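Welcome to a guided tour of a protein structure. Open your viewer, get ready to select residues by number, and let's go stop by stop.

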Amino acid sequence: MTVVTRFAPSPTGFLHIGGARTALFNWLFARHHNGKFLLRIEDTDRERSTDAAIEAIFEGMKWLGLNWDGEPVFQFSRRDRHAEVARELLAEGKAYYCYASVEELAEMRERARAEGRPPVYDGRWRDRAPDEAPAGVAPVIRFKSPDDGETVVRDLVQGDVTFSNKQLDDMILLRADGTPTYMLSVVVDDHDMGVTHIIRGDDHLTNAARQQQLIAAIGWDVPEYAHIPLIHGADGAKLSKRHGALGVEAYRDMGYLPEALRNYLLRLGWSHGDDEVISTEQAIEWFNIDNIGKSAARFDFAKLENLNGIYIRNADNAYLTRLIAPIVERLAGIDLNSNHLRRIEKAMNGLKERAKSVNSLAESSLFLVAERPLVLDVKAKSLLDEKACAVLQRLADRLEGLEAWNMELVEDAVRAAAEAEGLKLGKIAQPLRAALTGTTVSPGIFDVLDVLGREQSIGRIRDAISD
């Protein structure tokens with residue numbers, strides 16, 4: 001058997017973080033088993049589905065590296081097929097026309113609540129003769145669900161979950177206007193797409209019971225179900241925007257690497273021993289449903305930020321340079337040239353040591369592309385008093401006399417200057433950093449001198465002491 005999974009988002013909003021984790025788990029399970037991972041856009045809600053949301057889902061999936069197999073399936077385009085199945089069930093006596101009005105249904109629900117019963121449809125048209133149908137009323141088609149016994153969902157995560165059939169009323173398959181409902185469309189699409197495993201949030205457990213009844217009535221094989229616990233905030237409350245219930249594009253814009261976010265989402269509800277940093281190759285090799293926990297996972301920005309920092313430090317310098325280049329251009333208001341890019345890549349080892357996001361990495365590299373004279377921040381200015389400027393004047397003269405410009409010679413010159421001035425290295429390095437970068441935080445001062453080169457370094461020092 002070829003394993004086939006699917007991710008089936010509704011394009012009524014962007015790809016949110018919970019949906020991204022569902023997509024990841026489906027993708028990993030399919031890749032682990034050398035199977036297929038399919039994408040279905042459930043766009044039957046025509047009023048709320050938008051092209052912008054569809055494009056955002058595609059872009060979010062691509063950015064996360066969750067490539068799907070084949071072309072995306074658009075559920076609305078298959079509505080005739082869904083209606084065909086409903087009418088087959090009607091012909092077989094497994095579904096029926098219901099003529100109950102909106103007012104009747106509201107009254108029915110209100111009475112049930114008053115009597116302490118679940119507000120479910122009472123089956124009033126289930127066994128009535130067609131000649132009782134009121135004139136001029138367009139009926140819905142309802143599924144004739146089992147009215148006694150139990151439905152057991154054999155779930156790979158939750159175990160066996162039992163539902164009393166009395167709790168599951170006769171759901172609508174086709175609306176009065178002939179359009180299929182979500183419950184019918186999902187069952188038909190999963191079957192026609194050959195889906196073998198349905199991995200989704202545990203808020204769909206009741207849906208699974210209803211869908212399983214429908215599948216049995218049609219005579220199709222029931223797929224394997226795996227209902228994963230939802231994601232909560234760090235405080236244990238339902239995930240909201242303040243917790244991190246944002247679109248994937250928001251995490252990209254906040255400066256998270258896709259591989260770091262993917263790793264973090266993997267660890268939300270799934271584990272492999274004590275491993276925290278897990279490569280894509282390892283994730284594919286190790287992923288299984290058995291290691292999905294039954295408890296809700298907690299989203300923690302601090303842990304995500306820490307993991308992102310690890311991925312940044314381990315990333316290739318050329319890759320990071322390409323990644324931050326457009327951000328640096330926007331922040332600096334310039335077009336980067338080859339010299340700018342060379343400087344950034346050369347400085348990357350020092351820059352990425354403290355970075356927690358792509359954005360902070362870009363911000364910390366701005367001094368490398370800044371035009372002279374630099375604009376110094378308040379703290380940097382405070383370090384350049386009269387005494388410090390005199391020391392930097394003599395250091396600039398010393399640096400100017402170097403035969404060559406390399407890390408070793410530059411470091412020797414700075415250390416010799418500190419010794420000649422009777423200063424500890426830090427006392428000369430702090431104002432020097434301020435003059436070279438315009439800030440008080442940067443990579444190692446010798447790295448900065450080496451990357452900027454002779455002309456920029458000496459020029460910036462002289463700019464600062466003459467300001």
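**Stop 1: a helix across two strands**

Before you begin, keep in mind that this is a predicted model. Select α1 together with β1 and β2: the helix α1 lies across both strands and runs at about 165 degrees to β1. Now add residues 51–64, which form helix α2. Helix α2 packs on the sheet as well, where it touches β1, β2 and β3. Compare directions here, and you will find that α2 makes about 160 degrees with β2.

**Stop 2: the sheet underneath**

Hide the helices for a moment and look at the strands. In what order do the strands of this open sheet run? The order is β1-β2-β3, with 3 strands in parallel pairing. At the edges are β1 and β3 (73–74), each of which pairs on one side only.

Zoom in on β1 and on β2, residues 36–41: these two strands pair in the parallel sense over 4 bridges. To see one partnership up close, select phenylalanine 7 and then leucine 39 in β2, its bridge partner.

**Stop 3: a loop with an unusual angle**

Next, select asparagine 34, which you will find in the loop between α1 and β2. Check the backbone: asparagine 34 has a positive phi of about 55 degrees, although it is not a glycine.

**Stop 4: two helices that cross**

Bring α1 back and add helix α8, residues 258–266. The two axes come within 10 Å and cross at roughly 85 degrees. That makes α1 roughly perpendicular to α8.

Which residues make this contact? On the α1 side, show Ile17, Ala20, Arg21, Leu24, Phe25 and Leu28. On the α8 side, show Leu261, Arg262, Leu265 and Leu266. Try colouring the residues of this contact by class: 8 are nonpolar, none are polar and 2 are charged.

**Stop 5: the largest pocket**

Switch on a surface view. The largest pocket has a volume of about 900 Å³. Its lining is made by 34 residues, and those nearest its centre are His16, Gly18, Gly19, Asp203 and His204, so select these five to find your way in. Several elements give two or more residues to the lining of this pocket: β1 (4–7), α1 (17–32), α5 (182–192), β9 (197–201) and β11 (231–233). Which element gives the most? It is α1, the helix from your earlier stops, with 6 residues. By class, the lining of the largest pocket has 14 nonpolar, 12 polar and 8 charged residues.

**Stop 6: the second largest pocket**

Now move to the second largest pocket, with a volume of about 430 Å³. It is lined by 21 residues, and Glu363, Ser364, Leu366, Phe367 and Thr439 are the closest to its centre. Select α11 (317–332), α12, α13 (358–364) and α14 (366–369) to see the elements that give two or more residues to this lining. The most comes from α13, with 4 residues. Colour the lining of the second largest pocket by class to find 12 nonpolar, 6 polar and 3 charged residues.

**Stop 7: a cis peptide bond**

Select proline 373, in the loop between α14 and α15 (378–383). Then add arginine 372: a cis peptide bond joins these two residues, with omega at about -5 degrees.

**Stop 8: another pair of helices**

Show helix α12, residues 338–351, and helix α19, residues 445–466. They pack at an angle of about 115 degrees, and their axes are 9 Å apart. From α12, select Arg342, Arg343, Lys346 and Ala347; these meet Asp450, Val451, Leu452, Gln456 and Arg460 in α19. How do the residues of this contact divide by class? There are 3 nonpolar, 1 polar and 5 charged.

**Stop 9: an antiparallel sheet**

For the last stop, find the open sheet of 3 strands with the order β4-β5-β8 and antiparallel pairing. Its edge strands are β4 (95–98) and β8 (172–174), and each pairs on one side only. Look along the sheet to see the twist, which averages 45 degrees from one strand to the next.

Finish with β4 and β5, the latter being residues 140–143: they pair in the antiparallel sense over 4 bridges. Select tyrosine 96 and you will find it opposite arginine 142 in β5.

How values were computed: Residues numbered from 1 in each chain as written. Predicted model: local features only at pLDDT ≥ 70, side-chain atom pairs only at ≥ 80, totals over all residues. Heavy atoms only, no water. Axes fitted to C-alpha atoms, helices over the stretch in contact; angles between N-to-C directions. Contact = heavy atoms within 4.5 Å. Nonpolar A, V, L, I, M, F, W, Y, C, P; charged D, E, K, R; others polar. 1 Å grid on protein atoms, 1.4 Å probe; cavity = no way out; pocket = protein on both sides within 12 Å on 5 of 7 lines; lining within 4 Å. Points joined across faces, edges and corners; volume = space filled by probe spheres on them. Parallel < 35°, antiparallel > 145°, perpendicular 65-115°, else oblique. Pairing = 2+ DSSP bridges.
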